[in-house]
Amino acid sequence: MIHSLFLINQSGDIFLEKHWKSVIGRSVCDYFFEAKEKAVDPENVAPVLQTPHHYLISILRGKLFFLSVIQTEVPPLFVIEFLHRVADTFQDYFGDCSEGVIKDNLVTVYELLEEMLDNGFPLATESNVLKEMIRPPTILRSVVNTLTGGSNVGDTLPTGQLSNIPWRRAGVKYTNNEAYFDVIEEIDAILDKSGTTVCAEIQGVIEACVRLTGMPDLTLSFMNPRLLDDVSFHPCVRFKRWESERVLSFIPPDGNFTLMTYHVSSQNLVAIPVYVKQNISFFETGPCGRLDITIGPKQTMGKTVEGLMVTIHMPKAVLSANLTATQGNYSYDLATKVLVWDIGKLNPQKLPNLRGSLSMQAGVPRPEENPSLNIELKIQQLAISGLKVSRLDMYGEKYKPFKGVKYVTKAGKFQVRT
Amino acid sequence: MIWKSTSDSEMFFLSILPLRHDDLKEMLDSNKDSLKLEAMKRIVAMIARGKNASDLFPAVVKNVACKNIEVKKLVYVYLVRYAEEQQDLALLSISTFQRGLKDPNQLIRASALRVLSSIRVTIIVPIMMLAIKEAASDMSPYVRKTAAHAIPKLYSLDPEQKDQLIEVIEKLLADKTTLVAGSVVMAFEEVCPERIDLIHKNYRKLCNLLIDVEEWGQVVIINMLTRYARTQFLNPNINEGSAEAMAMAKRKPYVMDPDHRLLLRNTKPLLQSRNAAVVMAVAQLYFHLAPKAEVGVIAKALVRLLRSHSEVQYVVLQNVATMTIKRRGMFEPYLKSFYIRSTDPTQIKVLKLEVLTNLANETNISTILREFQTYIKSMDKDFVAATIQAIGRCATNIGEVRDTCLNGLVQLLSNRDELVVAESVVVIKKLLQMQPEKHSDIIKHMAKLTDNIQVPMARASILWLIGEYCEHVPKIAPDVLRKMAKSFTNEEDIVKLQIINLAAKLYLTNSKQTKLLTQYVLNLAKYDQNYDIRDRARFIRQLIVPTEKSGALSKYAKKLFLALKPAPVLESPFKDRDHFQLGSLSHLLNAKAGGYQELPDWPEAAPDPSVRNVEVKESVRACDTQCGSDNLICQTFLSPFDSDLFSTESDSASGSESGSGSGEESGSGSASEESEEGSDSEEEEEEMEKDNKKKTKIEFKKQVQESESTVKSYELLHRITGEGLSVEYCFSRQPFSSDANMVAVQMQFTNNSTSETKSLHMEDVKLQSGMRVKEFAEIESLPAGESATAVMGIDFCDSTQAANFQLKFFVSIQPPVGELMQPVFLTENEFKKEQGQLMGMNEITEKLTLDIKCRNEHAIVQRVTTTANLSRVPCGSDKECRFAGRTVTSGSLVLVTVVTKDEGATQLTVNCEKMVIGTMLVKDILLALTQ
């Protein structure tokens, strides 16, 4: 299966290598570098590459490439999914998945990789199991360790791997027992020039943070589960119960995890929280263009729209922008040609507006296309699909836990064509 | 020698200054763990950065037996990395691992095997083989899992061990734990994927375990089972396709093998997995195996994956593209999910475009074309070119829109971007070939473009068009040739070839105007640098210019050059890719990757389905041999009846038996009659005891053979782990005398060793909060070869949590949920009343299909009462069976109803105040009734 792993930074340095079978020389990465050169944008590197003797499967996370070397047939998604799981684990352990952090924790990273794969086949990928074997570094512990010579490796052997609920570690104890659930919905939409919806759908996710003593058995039920069109679950959720009763019944992992993701189909009308009036034009005569954007609230369900931000990838010919914003700040990055307008809170009484002129490179023909606008926003205390959690029950333990549910709506891939 | 004076400040410097290898060696030789650890950390960091640390090998290997667990782990890391290079020195460490293999702690045994099998030193192959064989029959499933992992390692080190390894794989395939299943199938795939016969007996078990296997194992198992199913079952879509197949189907209507159905049914819930690889694996299974009408379910799940990371999208879209060619209807409802955003990476855009093109049909083409129009304006020119090709393909496939597309493309000819124009020309050329006569004005328009367009492919296409249809544009064609002749020397090779081509065609149709021009072009070509062009010129001159020498061929020159050419078929690059198993690397690359297993074609006639039948007897026998002797198991089962507890035991057993009393089964019928009489008066009971004992003995033996005994025994301590002492336990289902809230557990101790075992008692009881245990009386001594029984009581608090304790060795008892209750007797009316109060959340209903062997009342009653300690409630209807019980600790009612309908369709209802118990009970009964 997975033969070797190389971690590569943006500038093309290999700063970590790990082999699960015989060692494969670094030169194999040259094929990857070649492909990376060709694809101007790092995003455009094909995830699967074929070389004379090996296959290279890579993912891009943050600014790092995780490049794995394969020698025989294996489902590519298997490898991709695993690499993302590795990156998730780093994120979980160190709070970040960047070159600096990985270099600082090189030994822990290496130990993690050793436990996650055996002979190229995934062994322990559950964060709860890994944390029993290799403790995540904390400042306090590293200070204590330098003074006492203690270690980060758990001295108790992991029992999680042995149980039939491998996602939960045994003997969990808390003084404050709490279970929080965040229902986060993202609106994916494409609006056309006139503001009509080309396509729109809602993607939701329930992130949980559960700190409960013992082996609690939780049941989460919704007011309106029929809304959910398509769902995927953490392995802890009992699928049968969902099929028959539409409730989530599960013994949770300890700590943070994604309980479920769901999809609300486009058949139901999706509420679009804002409208955009825009006019971007490039003049035939003279090297300049004009830009005028106004944003206003549409269907916000009476809540405030926050964190509003507009990102525009301008054509290469746009040299600079001379604009005035009635609210928020704008910036134009000359190198990447990205215009960002950070608006903040949307005030329905005084709509934010950005207007002004764009100066173009002389002698270059007028761009054919107007750039599309990508919009980010956030609405607190609202799940735009109308999904509501009705109750959370706990069985199997005697104490009373503290429970909470929070709703947030965000813009996902929200694009306005011009 | 910095560290000898270890003050904190110097330790601090240590961590900053780079150290030479000599310093590291001395640190490793010191007797301080902290120094060793520091040194090992540095060494591992060197390995991680790809620096060579091999000359430290002797110093490191000495620490393999270090007490500090982190040092030890890091030494393992080092060993696995360098042992291959320093084989002789690596041998020094072997004995440590061999010792580890014998450790009483399963995790240490497992880790020793893991490292031992990972150091690639050929000389230890026999040791590895031995260790794997031993571990494969270890009592800990975790060690067995590690053994499964070690198999491919050994195989890659020494392929000659294959036969022996297959034996181990065969053994592990029969394992019933979910922990082992994924790993052993992975080993199977790497070592002997061709031995499909090993799967037969394990097929149903693998299907049933699948949902509980860890996600990576699921992927491997599903992929393997797809291949298996292709060899064993018939094509469910045999009715679609050729007439011959239809005829065959008529002769024999298709009936799906129940095992085929089992696979489809058990994999379907996994479409909801969070792991994209699992979803993809199920999707490909359905695509390759499911009847056409059922494949649709995968579309939704695949579309969901499109929200994931771009790498996942890339792979999923590749597969969707292949699927859309064969089963377009499946993805049509999700058309909009494939719309392209300007922020998508180029490779994703191109793939989405491919899918959209494949999905286009008469009804949605106008929407798709409108969408394409916005794409054409994109800044990403590669993407625009791909869009133009997509439009071309839509136009060829859907006749109604051909003219619209053509007009649209012609408009693009005036686009400012040359690449766009060029791509349009190429596509227009292909479209025009379909109906040239209608479109002479387009050809004229394109002829004009030769002045501006510089892209060679486009120029060549225009020239070819003019040449091919020169009769439609008789005035312009010679003029184009004139211009081309002028610029001939500066053109690219493909353009030059087309100029020659154009000249030849014009010479044949309009020799008056173009004779001289043609001669001129051919002369230029004669001295070209490229020999292809020189050859072509020579060839054409011979053909078209009549000389004395020219042979018979020149007569046919016109036919040769101006033959009617068939219009090109614009095909998807994903056509026919589905002969590769979807989701595989080979499919993605469209080339066979190393180790790829072909997806076999469906067989003409189904192979014998009975090979998958697993006889129940066998499992009992396997259990027999594990227990050591055939006698032993009989003893275990019978001994309870020899004890004082006999009368009550037989009572409760007969109670459930008589409850099922349809009287048709002679053996059990008579036994129950007798015991019923026995319970009538105590005196009679005394008398009958001997007789009864005999009968029950006979009956019990029978039941053991059928493996359906109401009292099932579990292993607590295996005689190997217990160093000769083996313990088995069963839930005797009688009230525990000293405490009504406890479940009675009967234990059977057998001393298989050669010496006497003394003072058997419980120690160190570890329980979850609320649980209580009533210990059994200490057994003072157990002579060699003897057995003894004891009864203990455990209050499980109505949960299936295990009770752990020490019995010389660490053991644990975990009750099946059915043992947490005791029977209660209710009348029909009471039952209905109670059931009415336990509705809503407290009611769990499940639909199921009964196992063929279980389609009579007697069998249902028997299986339910075996699974759970319940008693039967009388009922008027013979289609309905009711059972009632109370949980032992809290006394909550448990009501079970089984309603049978036609052909084994059955509804199972459980009403219980405790939902957890209810859920688990449903699961268990379901399993009992369907298998």
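How many Å separate the centres of domain 1 and domain 2 of chain A, taken over C-alpha atoms? The answer is 30 Å. The model you have in front of you is predicted, and this briefing walks through the domains of chains A and B, two sheets of chain A, and a pair of packed helices from each chain.

**Domains**

- Chain A is assigned domain 1 (2-148), domain 2 (178-269 + 384-416) and domain 3 (274-380).
- In chain B, the assignment gives domain 1 (9-232), domain 2 (466-579), domain 3 (713-816) and domain 4 (820-930).
- Taken over C-alpha atoms, the centres of domain 1 and domain 2 of chain B lie 68 Å apart.

**The sheet of 9 strands in chain A**

- If you trace this open sheet of chain A from one edge to the other, you meet 9 strands in the order S11-S13-S9-S8-S23-S21-S16-S19-S18, and their pairing is mixed.
- The edges are strand S11 (230-233) and strand S18 (329-333) of chain A; each has a single partner strand, so one side of each has no neighbour in the sheet.
- From one strand to the next, the twist averages 15°.
- Inside this order, strand S16 (residues 306-313) and strand S21 (residues 373-380) of chain A are antiparallel partners, paired over 5 bridges.
- To find this pairing in the viewer, look for Val310(A), whose bridge partner in S21(A) is Ile375(A).

**The sheet of 3 strands in chain A**

- Another open sheet of chain A has 3 strands in the order S12-S10-S22, with antiparallel pairing.
- Strand S12 (247-250) and strand S22 (389-395) of chain A are its edges; because each has a single partner strand, one side of each is left without a neighbour in the sheet.
- Ignoring direction, neighbouring strands here are turned by 10° against each other on average.
- Strand S10 (residues 217-222) of chain A runs antiparallel to S22(A), and 6 bridges join the two.
- A handy landmark is Phe222(A), which stands opposite Val389(A) in S22(A).

**Helices H2 and H4 of chain A**

- Helix H2 (residues 76-94) and helix H4 (residues 106-116) of chain A cross at roughly 140°, and their axes come within 11 Å.
- Why is H2(A) called oblique to H4(A)? The angle of roughly 140° is not over 145 degrees, the cut-off for roughly antiparallel, so H2(A) counts as oblique to H4(A).
- The crossing of H2(A) with H4(A) is right-handed.
- H2(A) brings Phe82(A), Arg85(A), Val86(A), Thr89(A), Phe90(A), Tyr93(A) and Phe94(A) to the contact, while H4(A) brings Thr108(A), Val109(A), Leu112(A), Leu113(A) and Met116(A).
- Sorted by class, the contact of H2(A) with H4(A) holds 9 nonpolar, 2 polar and 1 charged residues.

**Helices H22 and H23 of chain B**

- Over in chain B, helix H22 (residues 365-376) packs against helix H23 (residues 381-397) at an angle of about 155°, with the axes 9 Å apart.
- H22(B) and H23(B) are therefore roughly antiparallel to each other.
- The crossing of H22(B) and H23(B) is left-handed.
- On the H22(B) side, the contact is made by Ile365(B), Leu369(B), Phe372(B), Tyr375(B) and Ile376(B).
- On the H23(B) side, it is made by Phe383(B), Val384(B), Thr387(B), Ala390(B), Ile391(B) and Cys394(B).
- The contact of H22(B) with H23(B) comprises 10 nonpolar residues, 1 polar residue and no charged residues.

Terms used. Residues numbered from 1 in each chain as written. Chains lettered and ligands numbered in written order. Predicted model: local features only at pLDDT ≥ 70, side-chain atom pairs only at ≥ 80, totals over all residues. Heavy atoms only, no water. Pairing = 2+ DSSP bridges. Helix = DSSP H or I, 4+ residues; strand = E, 2+ residues; numbered from the N terminus. Axes fitted to C-alpha atoms, helices over the stretch in contact; angles between N-to-C directions. Parallel < 35°, antiparallel > 145°, perpendicular 65-115°, else oblique. Left-handed = near helix turned anticlockwise from the far one by under 90°. Contact = heavy atoms within 4.5 Å. Nonpolar A, V, L, I, M, F, W, Y, C, P; charged D, E, K, R; others polar. Domains from an automatic or database assignment.
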